[in-house]
Every structure is written in C-alpha cells, then in structure tokens.
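Reader: I would like to go through this model with you, one local feature at a time. Could you begin with the backbone and then move on to the packing?

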Amino acid sequence: MTKVTVLGAAGGIGQPLSLLLKMCPFVSTLALYDLRLAAGVARDLSHVNTNAHCIGYGKDELPDALMGAQVVVIPAGVPRKPGMTRDDLFRVNAGIVAQLVAACAEHCPNARILVISNPVNSTVPVACETLRRLGKFQPGRVMGVTTLDVVRAQTFLSDALGPQQYSRESMKKHVTVVGGHSGTTIVPVILNPTLAQKLVHRKLWDAYVQRVQFGGDEVVQAKQGAGSATLSMALAGYYFAEQVLRSIHHEAPDALLPCYVYLPGLPGGRELQARLGTQVEYFAAPVRMDRGVVVHVESEWTEKVTPQERKMLDVCVQELDANVRKGKRFVQSKL
Ligand code: NAI
C-alpha cells in the first residue's frame with residue numbers, strides 16, 4: 001500500500017501528473033493538494049477505473065494530505081512567462097517549497113520528497129536546508145526532478161541524427177543529463193562515442209547542446225505567456241516517480257535516471273566530487289535507490305565525458321555553486 005501526495009495538483013503539471021499516477025499500479029492512495037480546485041480534480045480522477053483511491057485536499061487540509069504519505073511530489077509554484085529565466089521564479093517558489101517541506105517534516109518525516117518547482121538548482125537546497133533546520137534532513141529522501149532534461153536530450157538526439165535510423169526509444173541508453181536544471185548547468189553526456197562522433201562530424205553538436213539546454217524556452221514562447229512545459233514535464237515527472245515507486249516495491253529500475261541531490265550526504269557523492277574536481281554540494285547524476293531512497297550517486301559516466309563536455313561541466317559547477325548559495329541564503333535569512 002503506497003500513498004502518494006501531489007502538492008500543487010491542480011496546476012498545469014499537477015493535473016496530468018496526477019492522472020499518470022492514478023494509472024500506476026504501485027499507488028494505492030493518491031492525495032491531491034492545492035490552494036484551488038483540488039476537490040474537483042480529485043473527483044474527476046476518482047471516476048477513472050483504476051484501483052488508486054483518489055482524494056482532494058484544499059488550502060487548510062495540508063496535514064491530512066501528507067499524513068502517511070510515502071512519496072510527496074511538489075509541482076506547486078509559479079511557472080515561467082516569456083523573457084523569464086527559471087531563476088526569476090526563485091523569490092515566490094522558494095517560499096512555497098520551504099513551507100510545504102516544513103509541513104512534510106511534521107506530518108510525513110520519512111517520505112521521499114520529489115521537488116519539481118523551479119528553479120530546482122536552488123529550491124532543492126531550500127528544501128534540504130529547511131529540513132536540516134528542523135532536524136529532519138535525510139539526504140537520500142530529497143530529490144530534484146530533472147528528468148525532463150533527459151527526455152529532451154533523447155528526443156533531440158534522435159531528431160539530430162535522423163529519427164528514421166535512430167528512433168527516440170533507442171536513445172534511452174545512449175544519453176544522460178547531469179549537472180543542474182537550468183541553461184548552461186544542463187549538461188547532456190552522450191554515452192555512445194560513435195553517436196557523439198557522428199554529431200561532431202556533422203557539425204550538429206553545438207546546436208544539439210543548445211537545444212537541450214534551452215529547449216524549455218521553445219515551449220514558454222510557443223505558449224505565449226500561458227506557462228511553461230506541462231505535458232512533457234508531467235510524463236517526465238511520472239517516469240521519475242515511477243522509478244521511486246518501483247524501488248519501494250522491490251522492482252528493478254528500467255534505467256538509472258538522474259536526479260539533483262545533496263552529494264556530501266550520499267554514498268558515491270564524495271567520489272563524484274573528486275572525479276569532477278569540485279566541492280559543489282548539489283548535482284544531478286544517475287542514482288541507485290533502495291526502497292525509494294537514494295543509496296548511491298553514480299560516477300562511471302564521467303569516464304565517457306569528452307573534452308567538450310568536460311568544459312561544459314566546469315561552467316556548470318560554477319553556476320551551480322551560486323544557485324546553491326542563493327538557496328541556502330534564503331533559508332538562513334528566515335532564521
Ligand atoms: P501552474 O501555475 O499551472 O500550477 C502550479 C499550481 O501550484 C497551481 O495550481 C497553484 O494553485 C499551486 N500552488 C501554488 N502555491 C501553492 C501552495 N503553497 N501549496 C499548494 N499548491 C500551490 O504551474 P505549472 O506549469 O504546473 O508549474 C509548476 C512548477 O513546476 C513551476 O515552478 C515550474 O517552473 C516548474 N517546472 C519544473 C520543471 C522541471 O523540470 N523540474 C519543468 C517545468 C516546470
């Protein structure tokens with residue numbers, strides 16, 4: 001029996017993500033919390049003929065929504081409009097994440113917390129530092145969701161190489177994405193050297209990297225002020241939540257997806273820092289889980305890194321460091 005709670009469930013990401021979770025055989029109770037419309041979304045989903053029991057919770061019902069939750073997914077917050085960076089969202093979303101995570105510390109202290117709200121590079125440090133202040137921080141249980149970058153990296157690699165010959169499905173094992181979740185902190189790493197050489201040889205690598213790093217802007221512009229990626233994000237968020245749920249239910253993962261985690265607190269974290277030659281505290285990398293908790297941060301992928309990718313990693317860690325400090329400063333300012 002697994003209870004999953006979605007915070008921000010009536011939003012553009014929250015609704016389709018909740019639908020996907022309602023379809024998931026590992027979910028027995030689906031608690032949908034939002035400041036608005038949660039009851040309506042839950043009633044709608046409760047008519048879907050799958051087993052998960054679906055309940056909506058409004059503004060004043062956060063404790064009930066969280067009670068007994070094993071997994072909490074947080075897409076609550078404001079999305080980007082054209083011309084905005086993810087960092088522009090920080091002021092509003094940091095406060096929302098801090099408040100929601102503090103409630104998790106009180107009502108479901110052992111839940112796995114999956115942070116979707118942007119800017120992930122800073123909201124995850126906000127979440128971790130808030131929990132640390134409350135004496136409830138368990139590094140393996142807080143994960144920033146960066147799966148959309150992986151989904152995009154696979155799709156765009158297939159597009160660049162020619163989808164007839166290189167199907168999107170087949171790209172899953174050939175590329176991962178590490179670092180962070182905004183602009184130049186997003187570092188796609190092509191694990192298959194033949195494909196990497198093909199891209200470079202055809203002079204497509206720069207455009208490919210640019211599209212992975214700034215693909216979110218395509219969606220923000222096309223939606224003309226109505227928000228950022230919601231449908232592709234819901235699916236990406238579901239892929240990651242499913243990896244957590246599979247692990248809780250002792251099922252082997254399909255693939256080791258990356259997420260954005262606190263390195264010093266996790267096995268493999270210090271080794272990864274050493275391999276990257278950096279002290280950066282938070283970083284997205286493929287992880288191993290046990291019972292839905294991160295138990296090891298992988299670093300074998302560093303052996304496949306090309307000199308160009310290595311340069312990108314150097315830029316990435318500098319920017320990440322500033323993003324992390326911003327998150328930590330936010331929590332300290334509340335002391
Ligand atoms: P949205 O505005 O459609 O939905 C957000 C929902 O959060 C709304 O229903 C709102 O009522 C709710 N909300 C706001 N404050 C809340 C609180 N204190 N408690 C509970 N619910 C609250 O936004 P959308 O498009 O769903 O995006 C949500 C977040 O996800 C944004 O921060 C966005 O930037 C981020 N995002 C993250 C991605 C990632 O890859 N990690 C990709 C795309 C978006």
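Author: Let us start with a loop residue: Leu37 has 17 C-beta neighbours inside 10 Å and therefore counts as partly exposed, the class between buried (20 or more other C-beta atoms within 10 Å of its own) and exposed (12 or fewer), with C-beta atoms placed from the backbone. This is a predicted model, in which local features need pLDDT of at least 70, side-chain atom pairs count only at pLDDT 80 or more, and totals for chains, interfaces and linings use all residues. Residues are numbered from 1 along each chain as its sequence is written.

Reader: Where is Leu37 found, and what is its phi?

Author: Leu37 is found in the loop between strand 2 (29–33) and helix 2 (38–46), where helices (H or I, at least four residues) and strands (E, at least two) are DSSP runs numbered from the N terminus. Most residues other than glycine have a negative phi. Leu37 has a positive value although it is not glycine, with phi near 65°.

Reader: Is Lys203 buried or exposed?

Author: Lys203 is placed in the loop between helix 7 (193–201) and helix 8, and it too is a residue other than glycine with a positive phi, near 55°. Because 8 other C-beta atoms lie within 10 Å of Lys203, its class is exposed.

Reader: What is the omega of the peptide bond from Asn118 to Pro119?

Author: Pro119 lies in the loop between strand 5 (112–115) and helix 5 (120–133). Most peptide bonds are trans. The bond from Asn118 to Pro119 is cis, and its omega is near -5°.

Reader: How many residues of strand 7 are buried?

Author: In a regular strand the side chains alternate between the two faces of the sheet. In strand 7, Val175, Val177 and Gly179 are buried on one side, and Thr176 and Val178 are buried on the other, so that both faces are covered. Strand 7 is largely enclosed by the rest of the structure, because the buried residues number 5 of the 5.

Reader: Which residue in strand 8 is the bridge partner of Val175?

Author: Strand 7 and strand 8 run antiparallel and are joined by 5 bridges, where pairing of two strands requires that DSSP find at least two bridges between them. They form a hairpin with 6 residues between them, and Gly183 in the turn has a positive phi of about 40°. The bridge partner of Val175 in strand 8 is Ile190.

Reader: Which residue does UniProt list for "active site"?

Author: The residue in question lies in the loop between strand 7 (175–179) and strand 8 (186–190), and it is buried because 28 other C-beta atoms lie within 10 Å. Its contacts (C-beta atoms, placed from the backbone, within 7 Å) include Asn121, Asp149 and Tyr260, not counting residues up to four places away in sequence. In an unreviewed entry, with positions in the numbering used here, feature names shortened and annotations that may be inferred rather than shown by experiment, UniProt lists His181.

Reader: How far apart in space are Gly268 and Val297, C-alpha to C-alpha?

Author: Gly268 has its place in the loop between strand 9 (258–262) and helix 10 (269–276), and it counts as partly exposed because it has 19 C-beta neighbours inside 10 Å. Leaving aside neighbours within four places in sequence, Gly268 is in contact with His296, Val297, Glu298 and Ser299. Gly268 and Val297 are 29 residues apart in sequence, and their C-alpha to C-alpha separation is 4.8 Å.

Conventions:
Two residues are in contact if their C-beta atoms, placed from the backbone, lie within 7 Å.
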